[in-house]
Amino acid sequence: MQTPLRIRISWPAGHLTASLDDTPTSQALAKALPLVSTARTWGKEVYFDTGVSVSRETGAREVVEPGTVAFWTDGGALALPYGPTPISQGDECRLASPCNVLGRLEGDPALLTTVRDGEPVRVELLET
């Protein structure tokens, strides 16, 4: 059995780790790591450009659970929702468009509230 990919996402006020499923998008992202980008916030979602370009996978979803690690194919960005976005209906996490689901954050996704728009964010692969 293949070990799941694990990544660390760091920003000035904290960090979270995530486990990623073995998907074509996860593999493409892993090849691009480590990367440094600029955090953007959209409601209760943090997203940032990765420089990775992949196509939408068959399981792409628009509404996901808080703490989902998603890849926004339209923008080449990693999307980390932790609550409602401007287009959510009720308490759901609704992404801007269907995104490839890569995995889940470990720990409390509410830590993402400490990410400020425009801050640097770093993503690196964790050795298993």
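# Notebook: one helix, ten strands

**Entry 1. Layout.** I counted the elements and found one helix and 10 strands in the protein. The model I am reading is a predicted one. Going along the sequence, I wrote the pattern down as β-β-α-β-β-β-β-β-β-β-β. I then looked up the radius of gyration, which is 13 Å; the globule rule gives 14 Å for 128 residues, so the protein is as compact as a globular protein of that length. Along the principal axes, the C-alpha atoms fill a box of roughly 40 × 35 × 25 Å.

**Entry 2. Totals.** I looked up burial and noted that 46% of the 128 residues are buried. For the surface, I have about 6,300 Å² exposed, with carbon and sulfur atoms supplying 50% of it. I also checked how far apart contacting residues are in sequence. Of the contacts between residues at least 6 apart, 73% join residues at least 24 apart. For the charges, I took the 11 positive and 16 negative ones and found their mean positions 2 Å apart.

**Entry 3. The core.** Which residues have the most contacts inside the largest nonpolar core? I listed I9, L20, L29, F48, V69, L105 and L112, in a core of 27 residues. Next I asked which elements give two or more residues to this core. They are the helix α1 (24–32) and the strands β1 (5–11), β2 (14–20), β5 (45–49), β7 (68–72), β8 (77–81), β9 (93–106) and β10 (120–125). Strand β1 gives the largest share, four residues. As background, I noted that nonpolar side chains in soluble globular proteins tend to be buried together.

I followed one core residue, F48, to its contacts. Beyond its neighbours within four places in sequence, F48 is in contact with I9, S37, T38, A39, G76, A77, L78, L80, V121 and V123. Apart from the largest core lies another one, of six residues, and A79, C93, L95 and C99 are among them.

**Entry 4. A18 and S10.** I turned to two residues in strands. A18 lies in strand β2. Its relative accessibility is 0%, so I entered A18 as buried. Setting aside residues within four places in sequence, I found A18 in contact with L5, R6, I7, V69, R104, L105 and E106. V69 and L105 were already on my list of residues with the most contacts inside the largest core. I also took a distance from A18 to G107: the two are 89 residues apart in sequence, and their C-alpha atoms are 8.5 Å apart in space.

S10 lies in strand β1. Is S10 buried or exposed? Its relative accessible area is 18%, and the cut-off for buried is under 20%, so S10 is buried. With residues within four places in sequence left out, the contacts of S10 are H15, P120, V121, R122 and E124.

**Entry 5. D21 and T25.** Where is D21 placed? I found D21 in the loop between β2 and α1. With a relative accessible area of 46%, D21 is partly exposed. Not counting residues up to four places away, D21 touches S26, L102 and G103. I also looked up D21 against P4: 17 residues separate them in sequence, and 5.9 Å separates their C-alpha atoms.

T25 lies in helix α1. At 1% relative accessibility, I put T25 down as buried. Beyond four places in sequence, T25 touches V54, E57, F71, N100 and L102. L102 is thus in my notes for T25 and for D21.

**Entry 6. R94.** R94 is in strand β9. I looked up its relative accessible area, which is 17%, and entered R94 as buried. Which residues does R94 touch, not counting those up to four places away in sequence? I have W42, E62, V63, T85, I87, S88 and Q89. I also looked up R94 against P4, and they are 90 residues apart in sequence and 26 Å apart in space, C-alpha to C-alpha.

**Entry 7. A cis bond.** Last, I looked at the peptide bonds. Most peptide bonds are trans. The one joining L33 and P34 is cis, with omega at about 0°. P34 is placed in the loop between α1 and β3 (35–38).

How values were computed: Residues numbered from 1 in each chain as written. Predicted model: local features only at pLDDT ≥ 70, side-chain atom pairs only at ≥ 80, totals over all residues. Heavy atoms only, no water. Core = buried A, V, L, I, M, F, W, Y, C linked by side-chain atoms within 4.5 Å. Buried < 20%, exposed > 50% of the residue type's maximum accessible area, 1.4 Å probe, protein only. Contact = heavy atoms within 4.5 Å. Rg over C-alpha atoms; globule rule 2.2 N^0.38 Å. Areas by Shrake-Rupley, 256 points an atom, 1.4 Å probe, with all protein chains shown as cover. Lys, Arg positive; Asp, Glu negative; His and termini not counted. Charge placed at Lys NZ, Arg CZ, Asp CG, Glu CD.
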